[in-house]
Amino acid sequence: MATSGTTDFNLSIDDIVEEAFERCGMQVTNGYQLASARRSLNLLFLDWANRGLNLWTIEQATYSLTAGVNEISLAADTVNVLSAVIRDYSQSPSTDITIDRISREEYLNVPDKTTQARPAQYYVQRTNIPKVFFYPAADGNYGFVYYRIRRIQDAGDYTNTSDVNFRFLPCLASGLAYHISLKYAPERTTMLKQIYEEDFTRAAMEDRDTASVSFVPQIEY
């Protein structure tokens, strides 16, 4: 028998909403229910930012530093910085050098934050507009190259598709069904929450870096 030959199945926002309401034993009957479901969907996306890494939201970015710079602002949709290097443009070819992340207290205890050299440490201030503070301050032209976690994009129009990897579509539907049940079908909340947590755990376990890891024992005599 023939197969479809396609692997691009996806759901629009209104499809996800319809699926979620059906799991609650309901159908969407008015515009307020649609708006309520979209609001719950956006809250669900925010909750996922608190549940750990979502690999499809990790992006590489570069910020140019000039002499004297010891503080920069990151894009407002940055959740966190995972890792970073300093790109030294004074060398040919340019060289990427490891830079260590430090805590707020460690940065606070730096006696002279205006000292200039190649930045060796950075502190991330996770405010609404995230900031990065460097020590020492840059003494020339460098690039701050970093991997960041960005926010999942809002649901937007009902005809949009969600900013979610295909592996998370099942738990997106079950998660929205659980949130809708809190408002419209409380008798199904316990069951839908259990299904949602199982779906999310299964997807999160697959959404990870699968690089090889080697452990070398240290033997002393």
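**Salt bridges and strands in a predicted model**

The side chains of lysine 131 and glutamate 71 meet in a salt bridge, with 3.4 Å from N to O. This pair joins distant parts of the chain, since lysine 131 is in strand 8 (residues 131-135) and glutamate 71 is in strand 2, 60 residues apart. The model is predicted.

Trainee: Is lysine 131 buried, partly exposed or exposed?

Mentor: Buried means under 20% relative accessible area, and exposed means over 50%. Lysine 131 has a relative accessibility of 26%, so the term for lysine 131 is partly exposed.

Trainee: Which term fits glutamate 71, buried, partly exposed or exposed?

Mentor: The range between under 20% and over 50% is called partly exposed. Glutamate 71 has 37% relative accessibility, so glutamate 71 counts as partly exposed.

Trainee: How many residues apart in sequence are the parts that aspartate 77 and arginine 148 tie together?

Mentor: Aspartate 77 forms a salt bridge with arginine 148, and the closest N and O atoms are 2.7 Å apart. Aspartate 77 is in the loop between strand 2 and strand 3, while arginine 148 is in strand 10, so the parts tied together are apart in sequence by 71 residues.

Trainee: Which residue in strand 1 forms a salt bridge with arginine 148?

Mentor: In this salt bridge the closest N and O atoms are 3.0 Å apart, and the partner of arginine 148 is glutamate 59. Glutamate 59 lies in strand 1 (residues 58-65) and arginine 148 in strand 10, so the pair ties together parts 89 residues apart in sequence. The residue asked for is glutamate 59.

Trainee: Is arginine 148 buried or exposed?

Mentor: The cut-off for buried is under 20% relative accessible area. Arginine 148 has 8%, so the word for arginine 148 is buried.

Trainee: Which residues are linked with Arg148 in a network of salt bridges?

Mentor: Glutamate 59 forms a salt bridge with arginine 148, and aspartate 77 forms one with arginine 148 as well. The network that links Arg148 also holds Glu59, Asp77, Arg150 and Asp163.

Trainee: How many salt bridges does a search of the whole structure find?

Mentor: Side chains of opposite charge can pair when their charged atoms come close. A search of the whole structure gives a number of salt bridges equal to 12.

Trainee: What is the bridge partner of isoleucine 86 in strand 10?

Mentor: Strand 3 (residues 78-88) and strand 10 (residues 142-150) run antiparallel and are joined by nine bridges. Within this pairing, isoleucine 86 has as its partner in strand 10 phenylalanine 144.

Trainee: Which residue in strand 4 stands opposite isoleucine 86?

Mentor: Strand 3 pairs with strand 4 (residues 95-98) in the antiparallel sense over four bridges. A hairpin of six residues joins strand 3 to strand 4. Opposite isoleucine 86 in strand 4 stands isoleucine 97.

Trainee: Which strands stand at the edges of the open sheet?

Mentor: Four strands form the open sheet, in the order 2-8-7-5 and with mixed pairing. Each edge strand has a single partner strand, so one side of each is left without a neighbour in the sheet; these are strand 2 (71-73) and strand 5 (100-101).

Trainee: What is the bridge partner of arginine 101 in strand 7?

Mentor: Strand 5 and strand 7 (residues 121-125) pair in the parallel sense over two bridges. The partner of arginine 101 in strand 7 is tyrosine 122.

Notes:
Residues are numbered from 1 along each chain as its sequence is written. This is a predicted model: local features need pLDDT of at least 70, side-chain atom pairs count only at pLDDT 80 or more; totals for chains, interfaces and linings use all residues. Side-chain values use heavy atoms; hydrogens and water are left out. Two strands pair if DSSP finds at least two bridges between them. A salt bridge is a side-chain nitrogen of Lys or Arg within 4 Å of a carboxyl oxygen of Asp or Glu. Buried means under 20% relative accessible area, exposed over 50%, partly exposed in between (1.4 Å probe, protein chains only).
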